Amino acid sequence: MLANVRLRFLFDVRFVIAITVSIMTISGCNQAVNIKKPDNIEPLVHETLIDGVLSNDASMAITLGRSRILSVWDVTTSQLLHQWSDDDFDETNYLLALSGNKQYLATAGKHKISIFNLETGKLDIRWPAQGFNPDASISSLFLSQTGSTILVGMNDGSITVIQRSSMTMSLFKQHSAAVNHVELSNFEQQVLSTGLDGDVHIWATYSGELINSFSRPQQISSVSYDEANRRLFIADALDNNVIIDTQTALPVSKLDYLERYRYFRQALFVNHSNNLITATSKQSVIYWDTLTGKELSHWDITAYTAGTTVFSMVLKPNGKLLTLSSDGALETWSL
């Protein structure tokens with residue numbers, strides 16, 4: 001009799017566990033999720049990346065591998081267009097930036113920046129970066145549409161705006177901690193910058209005058225403008241996220257995200273800002289309704305190593321999503 005009772009107890013416990021697992025699986029982030037498979041997978045390199053970037057039109061990919069090999073790829077054909085080794089640089093590179101027109105590629109180590117002309121494959125210019133602190137090192141990098149304007153964020157909170165045509169440099173102190181993101185917006189008249197201080201600043205490109213500012217409790221992990229610079233998504237390392245109307249500076253919505261300690265690494269507005277795509281610090285990509293903040297679907301990119309994550313993602317002309325992973329793999333997804 002005692003044996004029967006024990007068996008029944010074990011059955012009941014297993015039943016409860018099964019029910020709990022089923023509920024978690026179905027509910028996920030408050031609703032059932034659509035697990036996607038990629039339409040196509042194309043490994044570009046067979047090593048993990050230090051950095052990687054896709055062109056805005058999804059036709060070009062840049063990879064910087066752990067072996068310090070810097071490569072430029074044609075996405076359509078997977079053909080290697082240009083390649084450089086660590087010996088071609090004065091110091092080890094960590095950051096990449098591509099001009100919007102795909103004519104210039106910028107690379108940065110801790111203290112020096114190199115600009116390559118991708119039409120010729122030749123080095124265009126190389127120079128040392130400076131902050132207000134003489135010991136400051138480079139923490140973020142951006143090239144404008146034509147490559148004529150270069151933004152360099154430093155770990156002392158300073159940002160340099162460089163005009164290549166006149167070779168003039170303007171140095172601004174916009175943050176109290178390392179600058180982890182810089183980009184131009186509003187016809188290149190404004191700069192969007194974020195830092196480990198939790199601040200998001202929008203400021204005038206040439207004067208440094210602060211136009212608007214937002215903050216999160218922790219360091220900023222992800223930020224994204226929509227195409228019209230009307231919507232701004234901000235998230236910090238503890239998933240304090242918000243979508244803001246930049247004209248009114250008022251919040252529009254917040255993503256309904258339950259999973260803590262897995263922050264958003266990348267974000268991309270699509271469908272005229274009606275939807276947002278985010279990539280977490282792990283393998284997950286999530287598709288959102290920006291008005292309600294509800295998840296529509298999510299899926300995982302293909303992982304070749306334990307720490308796989310999304311380095312870059314863009315929308316292809318056919319409406320499909322292209323992702324570049326830290327494993328150096330391109331994947332195409334139907335939304």
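Which element gives the largest share of the lining of the second largest pocket? Let's find out, keeping in mind that this is a predicted model.

## The second largest pocket

The answer is strand E28, which supplies three residues, the largest share of that lining. The pocket itself has a volume of about 180 Å³, and its lining is made up of 14 residues. If you want to centre your view on it, the lining residues nearest the middle of the pocket are Asn40, Val75, Thr76, Lys316 and Thr332. Two elements each give two or more residues to this lining: strand E1, covering 40-43, and strand E28, covering 329-333.

For those of you thinking about the chemistry of the walls, the lining of the second largest pocket splits into five nonpolar, five polar and four charged residues.

## The enclosed cavity

Now for the space that is closed off. When the whole structure is searched, one cavity of 30 Å³ or more turns up. The largest cavity holds about 30 Å³ of space. Its lining consists of Phe89, Asp90, Glu91, Asn93, Gly109, Lys112, Ile113, Ser114 and Arg126.

Strand E8, which spans residues 112-117, gives three residues to the lining of the largest cavity, and that is the largest share. By residue class, the cavity lining contains two nonpolar, three polar and four charged residues.

## A four-stranded open sheet

Elsewhere in the model you can pick out an open sheet of four strands, arranged in the order E10-E11-E12-E13 with antiparallel pairing. Strand E10 (138-143) and strand E13 (168-173) form the edges, each pairing on one side only. On average, neighbouring strands in this sheet are turned by 15° against each other, with direction ignored.

Let's zoom in on one pair. Strand E11 covers residues 149-154, and its antiparallel pairing with E10 runs over five bridges. Within E11, Leu151 has Phe142 standing opposite.

## Thr149 in strand E11

One residue of strand E11 is worth a look of its own: Thr149. Is Thr149 buried or exposed? Its relative accessibility is 3%, and because buried means under 20%, Thr149 counts as buried.

Which side chain does the side chain of Thr149 make a polar contact with? The partner is the side chain of Gln163, at 3.1 Å. Taken together, Thr149 sits in strand E11, counts as buried, and has a side-chain polar contact with Gln163.

Note on methods
Residues are numbered from 1 along each chain as its sequence is written. This is a predicted model: local features need pLDDT of at least 70, side-chain atom pairs count only at pLDDT 80 or more; totals for chains, interfaces and linings use all residues. Side-chain values use heavy atoms; hydrogens and water are left out. On a 1 Å grid over the protein atoms alone, a cavity is a set of points where a 1.4 Å probe fits but cannot get out, and a pocket is an open set with protein on both sides within 12 Å along at least five of seven lines; lining residues have an atom within 4 Å of a point. Grid points are joined across faces, edges and corners, and a volume is the space filled by probe spheres set on the points. Ala, Val, Leu, Ile, Met, Phe, Trp, Tyr, Cys and Pro count as nonpolar, Asp, Glu, Lys and Arg as charged, and the others, Gly among them, as polar. Two strands pair if DSSP finds at least two bridges between them. Axes are lines fitted to C-alpha atoms, for helices over the stretch in contact, and angles run from 0 to 180 degrees between N-to-C directions. Buried means under 20% relative accessible area, exposed over 50%, partly exposed in between (1.4 Å probe, protein chains only). A polar contact is a pair of N or O atoms within 3.5 Å; within protein, one must be able to donate a hydrogen and the other to accept it, and residues adjacent in sequence count only if both atoms are side-chain atoms.
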